[in-house]
Amino acid sequence: MNFTISSPANAVIGRYNLTLQVTSGNKIFSRFLGQFVLLFNPWCPGDDVYMANENERQEYVLNENGIIFVGNAKYIEARGWYYGQFQDHLLNICLTMLDLSLYYRQDPAIDVSRRGDPKYVGRVISSMINGNDNDNGVLLGKWQGSFHSHENPSRWDGSVVILQKWRQDNYKPVQYGQCWVFAGVMCTVLRCLGIPTRLVSNFNSAHDVDRNLSIDKYYDSSGKSLNISKDSTWDYHVWNESWFIRPDLGTSYNGWQVLDATPQEQSK
């Protein structure tokens with residue numbers, strides 16, 4: 001006997017158990033047939049992550065290799081990165097990541113019921129890529145001091161070894177990551193789950209802490225710099241964009257959505 005299973009385009013992603021139940025008279029027989037995994041589907045027009053252009057699907061879903069741009073505005077360096085989203089055990093690691101999140105631990109039923117929504121899954125993964133919230137996240141960030149006792153962030157060149165080490169160390173954060181490492185790993189996880197994702201690099205990157213739309217610097221009457229502003233600038237910053245529609249905001253907001261896994265300050 002052959003079976004065809006059709007899932008709704010907005011079905012919850014994750015592992016499913018398949019059981020066959022046969023009723024004969026007043027007798028019921030059940031048999032476990034196996035497990036299957038359901039992912040987001042950028043090829044399905046009804047899915048929130050549907051991407052119409054096949055070349056873009058090849059690039060933002062299926063491509064396991066990429067380039068991350070780092071450096072500064074006057075000297076931009078192209079660094080190769082291996083996403084490896086189809087490598088052995090990566091899918092299990094990514095699905096386990098969802099179950100380790102604070103969202104799942106606080107209310108498993110509500111969390112699982114929302115896993116058909118790519119913006120919700122994106123928020124969960126964004127939180128789980130960094131371990132700075134004490135939530136079994138993948139990477140710890142470090143920007144100063146010595147790296148001699150752990151891996152210098154500049155030596156990473158792919159996501160697979162990081163995610164495998166995270167699993168092997170019983171889901172303790174891998175040390176250390178910086179913005180391009182967080183972005184590279186999150187791209188791997190989201191592509192693995194079927195969400196089209198890319199990296200964005202920004203040079204002369206500014207962080208407006210007090211949200212007054214300016215980067216403030218203060219000086220005394222003699223021209224000496226005063227260290228009282230919390231605003232900051234960096235040579236560059238790297239984050240992610242994922243492709244899906246926004247029924248909560250309206251069609252004009254459909255398309256690339258910003259996600260940033262680098263731990264800096266909590267959003268609201």
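In this predicted model, the charged end of Arg-191 rests over the ring of Tyr-83, 4.8 Å from the ring's centre. A second arginine takes up a similar theme: Arg-198 lies over the face of Trp-256, 3.9 Å from the ring centre. Follow Trp-256 a little further and you meet a cluster, in which ring pairs link it with Tyr-60 and Trp-243.

Let's stay with the rings. The model has 9 aromatic pairs in total. One of them joins Tyr-16 and Phe-36, which are stacked, with 5.3 Å from centre to centre and 5° between the planes. Their partnership links distant parts of the chain, as Tyr-16 belongs to strand E1 (residues 14-24) and Phe-36 to strand E2 (residues 27-38), 20 residues apart. Tyr-16 is partly exposed, at 29% relative accessible area, and Phe-36 is partly exposed too, at 28%.

Another pair, Phe-203 with Tyr-236, is tilted: the planes are 45° apart and the centres 6.4 Å apart. Here the link runs between strand E7 (residues 197-207), home of Phe-203, and strand E10 (residues 232-244), home of Tyr-236, with 33 residues separating the two. Tyr-236 counts as buried because its relative accessibility of 18% is under the 20% cut-off.

Now turn to the helices. Helix H2 (residues 90-100) packs against helix H7 (residues 179-192) at about 95°, and their axes are 10 Å apart. That angle falls between 65 and 115 degrees, so H2 and H7 are roughly perpendicular. On the H2 side, the contact is made by Leu-90, Leu-91, Cys-94 and Met-97, while H7 contributes Thr-188, Val-189 and Cys-192. Of these contact residues, 6 are nonpolar, 1 is polar and none is charged.

Definitions and conventions: Residues are numbered from 1 along each chain as its sequence is written. This is a predicted model: local features need pLDDT of at least 70, side-chain atom pairs count only at pLDDT 80 or more; totals for chains, interfaces and linings use all residues. Side-chain values use heavy atoms; hydrogens and water are left out. Axes are lines fitted to C-alpha atoms, for helices over the stretch in contact, and angles run from 0 to 180 degrees between N-to-C directions. Helices (H or I, at least four residues) and strands (E, at least two) are DSSP runs, numbered from the N terminus. Angles under 35 degrees count as roughly parallel, over 145 as roughly antiparallel, 65 to 115 as roughly perpendicular and the rest as oblique. Contact means heavy atoms within 4.5 Å. Ala, Val, Leu, Ile, Met, Phe, Trp, Tyr, Cys and Pro count as nonpolar, Asp, Glu, Lys and Arg as charged, and the others, Gly among them, as polar. Rings of Phe, Tyr and Trp (its six-membered ring) pair if their centres lie within 6.5 Å; planes under 30 degrees apart count as stacked, over 60 as edge-to-face and the rest as tilted. Buried means under 20% relative accessible area, exposed over 50%, partly exposed in between (1.4 Å probe, protein chains only). A charge sits over a ring if NZ of Lys or CZ of Arg is within 6 Å of the ring centre and within 35 degrees of the ring normal.
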